[in-house]
Amino acid sequence: PPLTLRRRHSWHVFLSHIWASGQDQVAVLKRQLQLVLPGIEVFLDVDDLHDIGALEQYVSESAVVLIFLSRGYFGSRNCMREVRAMCEMQKPVILLHEADESKGGLPFQQAVDECPSEYRPCLFDGRAPIPWTRIKEFQRFTLLLVAEQILAHSPHYMLTEKAAKREVSRLHGAIASVRVYFPDMEEVKDLVLRRHVTLYASRANPGALAAANELRDGGLSSHHHGHQHDPARQGGGTSTLRVTEEPLDWDSAVAEERANARRMQKGSSSCFVLYLSKQTFLGEAGDILAAEVRAARRAGASLLLLHENDGERGSAPFVHFFSSTPSDLVDDGIYKQLAVAMLPGRHRDVSLVLALKSLGASRAETRRLSLSAIRNSAQYAVEMVSCATKSWRAPSKSGGRGVKDSGIHLESGT
């Protein structure tokens, strides 16, 4: 996508962080942004700071400020200078949150509480944090969200948005929005299950049913959804993803799957959903759940481990489960299998993709709009969609530094 800067700006983004707990992460972030947005100008103190007394000037010369929220940020004198400057200058702010306490992170609410009250409206009102994570698929998505916000505040797209608003007034319809994507990026709607899968969610596992239903209802491509035909969800194959709380005969279910495998038939399969939150394996329900897990594992049944990472849904650090889970299950290697991290916000879609792929889902036919298809719609009135299928070069409309090609793409959507 085109990268532009106003004449008064030297950097597209200023990385505000505290050295003690965020230096390594923002160094990685800068390198990754330069890979996905070639030509981006990123201010990082170790590379660009020549005068500590000029921090406010560096903020002023940046189009956007990204705050890396980690332990001790609001206790840093220089970080607070940057906060004061960005709020006084009304700079666009991106919040990137380090939640892993073993890596210098802290709970998001703790970061909010540590922020001086006079700056909380400026930094936190109406602004959701983007999680920083070290899992490849999630980190790539984080980079896309950061890139979207940087582009949204660049002159080219600010001008295009104004033009789009004028055009939608003329067309009396919805305008196209633009988001960044990698060409190989998979979404739930791109996937299809080519066999019948039953997900078992134990009543003794709080949250498991909701998580299983979330997988079922996430938009997976199929000719059958549950037991009902849904033409809007048709994709590249036939599948059934069914959820049940009724206990299964795991010995029979596994025997049938193995017989189908010997006959080279897809047939159906069953999977035990083990939802990991701070309530898992607690009390009497925990004893019942443990007994069910033991029975399923003895039969050789498949388990799908879903680790909740959303604080509002009862998240707990993974290390918690080594003490809360019955020791015989831990010793038997229940956690040798990788759990799918269920992240909040827009990252939840990435979680669903990973979980569905672990159930055997694969990519269906592509659903991205072709440029010719976009041209035939009123949405084509928005100039941004001309980037929908390729990177391109054009003169800057802002009188700034011009436009640079990028390795990521823009996608149209409503």
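Which ring does the charged end of R140 sit over? In this predicted model, the ring in question belongs to F182, and the charged end of R140 lies 4.0 Å from its centre.

The strands give a handy way into the rest of the picture. Strand β3 spans residues 62-69, and eight of its eight residues are buried, so the rest of the structure largely encloses this strand. β3 has partners to pair with. One of them is β1, made up of residues 11-16; here the pairing is parallel and runs over five bridges. At the residue level, W11 stands opposite S62 of β3. Strand β4 (residues 93-98) is another partner, again parallel and again joined to β3 over five bridges. Within that pairing, I67 has L95 of β4 as its bridge partner. Between these two strands comes a helix to reckon with: β3, helix α4 (residues 77-88) and β4 together build a β-α-β unit, and its hand is right.

Back in β1, S16 is worth a stop. This serine belongs to the strand and counts as buried because its relative accessibility is 0%. What does S16 touch, leaving aside residues up to four places away in sequence? The list takes in V65, L66, I67 and F68, and it goes on with Y73, E82 and M86. I67 thus turns up twice, as a contact of S16 and as the residue bridged to L95 in β4.

Aromatic rings are the other theme. The structure holds 15 aromatic pairs. One of them brings W11 together with F43 in an edge-to-face arrangement, with 5.0 Å from centre to centre and 85° between the planes. In sequence terms this pair reaches across distant parts of the chain, since W11 is in strand β1 and F43 in strand β2 (residues 42-43), 32 residues apart. Are these two rings buried or exposed? W11 is buried, as its relative accessible area of 12% falls under the 20% cut-off. F43 is buried too, with a value of 1%. The pair also belongs to a wider group, as ring pairs link W11 and F43 with F14 and Y58 into a cluster.

W11 therefore ties the two themes together: the tryptophan is buried at 12% relative accessible area, faces S62 across the β1–β3 pairing, and takes part in the ring cluster with F14, F43 and Y58.

Conventions:
Residues numbered from 1 in each chain as written. Predicted model: local features only at pLDDT ≥ 70, side-chain atom pairs only at ≥ 80, totals over all residues. Heavy atoms only, no water. Helix = DSSP H or I, 4+ residues; strand = E, 2+ residues; numbered from the N terminus. Buried < 20%, exposed > 50% of the residue type's maximum accessible area, 1.4 Å probe, protein only. Contact = heavy atoms within 4.5 Å. Phe/Tyr/Trp six-rings, centres within 6.5 Å; stacked < 30°, edge-to-face > 60°. Lys NZ or Arg CZ within 6 Å of the ring centre and 35° of its normal. Pairing = 2+ DSSP bridges. Right-handed = clockwise from strand over helix to strand, strands pointing away.
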